Amino acid sequence: MPSAIGAHVALAGHSLAHQLPTVEEVSAGGVVINIASPALEVAIIARHNRGGRLEWCLPKGHPEGVESNEEAAVREIAEETGIEGKILAPLGSIDYWFTVSGHRVHKTVHHYLLRATGGELTIENDPDHEAVDVAWVPLADLAKKLSFPNERRIADLAREVLPEHLKN
């Protein structure tokens, strides 16, 4: 799936970025939803980008050791939001490119729909201290709150598939 984050078009041979070494990165995270809430609230985090701008996004992070993407998504969401969750369904993957510290990064993020099972909303357990804020946002307002178009598409997909998981 193409991405609008960090994407740029340059002719081959005309960009310094194409001469930089490339690193592949994988992350996992997703949409953790409180189905007990009448507004079906979703926990999201705020981070400052490299330019210092505040961006609201879905919680995510890198798998550790032999962790599966699903295990990483559950752990990262709990670390970054304080909310424990159980995976209900995969929501697909997004990928994007960016340049940092002399190399290009191709990042793929695997997203899942999770049902909140416990915890308290907090950023205190984020080991990287990347999250600067956390909030519950009604599912109906989620796409308007998220900073990135590709994450808004994931939010729309979560809203589409959620009803089949509420029947259980």
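Helices and strands here are DSSP runs, numbered from the N terminus, with at least four residues for a helix and at least two for a strand. With that in hand, the layout of this predicted model is easy to follow. The chain has three helices and seven strands. Reading from the N terminus, the elements go β-β-β-β-α-β-β-β-α-α.

Next comes the packing of the chain. Of its 168 residues, 44% are buried. Among contacts with a separation of 6 or more, 70% link residues that sit 24 or more positions apart. As for the outside, the chain exposes about 8,700 Å², and 54% of that area is supplied by carbon and sulfur atoms.

Then there's the largest pocket, which holds about 700 Å³ of space. Its lining is made up of 26 residues, and those nearest the centre are Arg47, Arg50, Tyr96, Lys107 and Glu130. Sorted by class, the lining comes to twelve charged, seven polar and seven nonpolar residues.

Where in the chain does the lining of the largest pocket come from? At least two residues each are supplied by strand S1 (22–34), strand S2 (41–48), strand S3 (54–57), strand S4 (60–61), helix H1 (69–81) and strand S5 (83–100). The largest share belongs to S5, which gives three residues to the lining.

Conventions: Residues are numbered from 1 along each chain as its sequence is written. This is a predicted model: local features need pLDDT of at least 70, side-chain atom pairs count only at pLDDT 80 or more; totals for chains, interfaces and linings use all residues. Side-chain values use heavy atoms; hydrogens and water are left out. Buried means under 20% relative accessible area, exposed over 50%, partly exposed in between (1.4 Å probe, protein chains only). Contact means heavy atoms within 4.5 Å. Accessible areas come from the Shrake-Rupley method with a 1.4 Å probe; for residues, only the protein chains shown count as cover. On a 1 Å grid over the protein atoms alone, a cavity is a set of points where a 1.4 Å probe fits but cannot get out, and a pocket is an open set with protein on both sides within 12 Å along at least five of seven lines; lining residues have an atom within 4 Å of a point. Grid points are joined across faces, edges and corners, and a volume is the space filled by probe spheres set on the points. Ala, Val, Leu, Ile, Met, Phe, Trp, Tyr, Cys and Pro count as nonpolar, Asp, Glu, Lys and Arg as charged, and the others, Gly among them, as polar.
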